[in-house]
Amino acid sequence: MECRTDCGACCIAISIHQPFYAMPNGKPAGVSCVHLSPSMRCILFGDARRPDLCDAFKAEREFCGDNREQALVRLAQLELQSLPDVLALEGNV
């Protein structure tokens, strides 16, 4: 599957726990990355400063659904499912 134009769901829904270029504290889930352009594209695509997590993410129907709204929901659900149990129990979600 090709990455959908005007989507940017992966640049919003997922968290990045490691510091990276221009985001020294990482990126919380649900917050737009500072490198997400107004046209909803990563401006670090192909740049060595792009986080490894982002570089490894590949658009797939399972994650991205049929449209941007589905992608945001599915990726947010995966983010919650991937939290350590202790964080979910403490209500830190």
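This section describes the nonpolar cores, pockets and salt bridges of a predicted model.

The largest nonpolar core comprises eight residues, namely Cys 11, Ile 12, Ile 16, Phe 20, Met 23, Cys 33, Leu 36 and Cys 54. Within this core, Phe 20 reaches several residues beyond its own stretch of sequence: with neighbours within four places left aside, Phe 20 is in contact with Gly 26, Lys 27, Cys 33, His 35 and Pro 51. Of these partners, Cys 33 is itself a member of the core. Apart from the largest core lies another, of seven residues, which include Cys 7, Ala 13, Ala 59 and Leu 75.

Gly 8 is located in the segment that precedes helix α1, the helix spanning residues 52-56. Its relative accessibility is 7%, so Gly 8 counts as buried, the limit being under 20%. When neighbours within four places in sequence are set aside, the contacts of Gly 8 are with Leu 36 and Met 40; Leu 36 belongs to the largest nonpolar core. Gly 8 can also be placed relative to Ser 32, from which it is separated by 24 residues in sequence and by 8.6 Å in space, C-alpha to C-alpha.

Two pockets were examined. The largest has a volume of about 530 Å³, and 28 residues line it. Those lying nearest its centre are Cys 3, Cys 10, Phe 45, Arg 50 and Phe 57. By class, this lining consists of 20 nonpolar, two polar and six charged residues. Arg 50, one of the residues nearest the centre of the largest pocket, also takes part in a salt bridge, with Asp 55.

The second largest pocket has a volume of about 250 Å³. Its lining is formed by 13 residues, with Ile 14, Leu 53, Leu 78, Glu 79 and Ser 82 nearest the centre. Helix α3, which covers residues 68-81, makes the greatest contribution to this lining, giving three residues. The lining of the second largest pocket divides into nine nonpolar, three polar and one charged residues.

Side chains of opposite charge can pair when their charged atoms come close. Three salt bridges are present in the structure. In one of them, Arg 49 pairs with Asp 47, and the closest N and O atoms are 2.7 Å apart. Arg 49 has a relative accessible area of 40% and is therefore partly exposed; Asp 47, at 26% relative accessibility, likewise counts as partly exposed.

The salt bridge between Asp 55 and Arg 50 has its closest N and O atoms 3.4 Å apart. Here the partners fall into separate accessibility classes: Asp 55 is partly exposed, with a relative accessible area of 45%, whereas Arg 50 is buried because its value of 13% is under 20%.

A further salt bridge joins Arg 61 to Asp 66, with 3.0 Å between the closest N and O atoms. Arg 61 is partly exposed, at a relative accessible area of 48%. Asp 66, by contrast, counts as exposed because its relative accessibility of 53% is over 50%.

How values were computed. Residues numbered from 1 in each chain as written. Predicted model: local features only at pLDDT ≥ 70, side-chain atom pairs only at ≥ 80, totals over all residues. Heavy atoms only, no water. Core = buried A, V, L, I, M, F, W, Y, C linked by side-chain atoms within 4.5 Å. Buried < 20%, exposed > 50% of the residue type's maximum accessible area, 1.4 Å probe, protein only. Contact = heavy atoms within 4.5 Å. 1 Å grid on protein atoms, 1.4 Å probe; cavity = no way out; pocket = protein on both sides within 12 Å on 5 of 7 lines; lining within 4 Å. Points joined across faces, edges and corners; volume = space filled by probe spheres on them. Nonpolar A, V, L, I, M, F, W, Y, C, P; charged D, E, K, R; others polar. Helix = DSSP H or I, 4+ residues; strand = E, 2+ residues; numbered from the N terminus. Salt bridge = Lys/Arg side-chain N within 4 Å of Asp/Glu carboxyl O.
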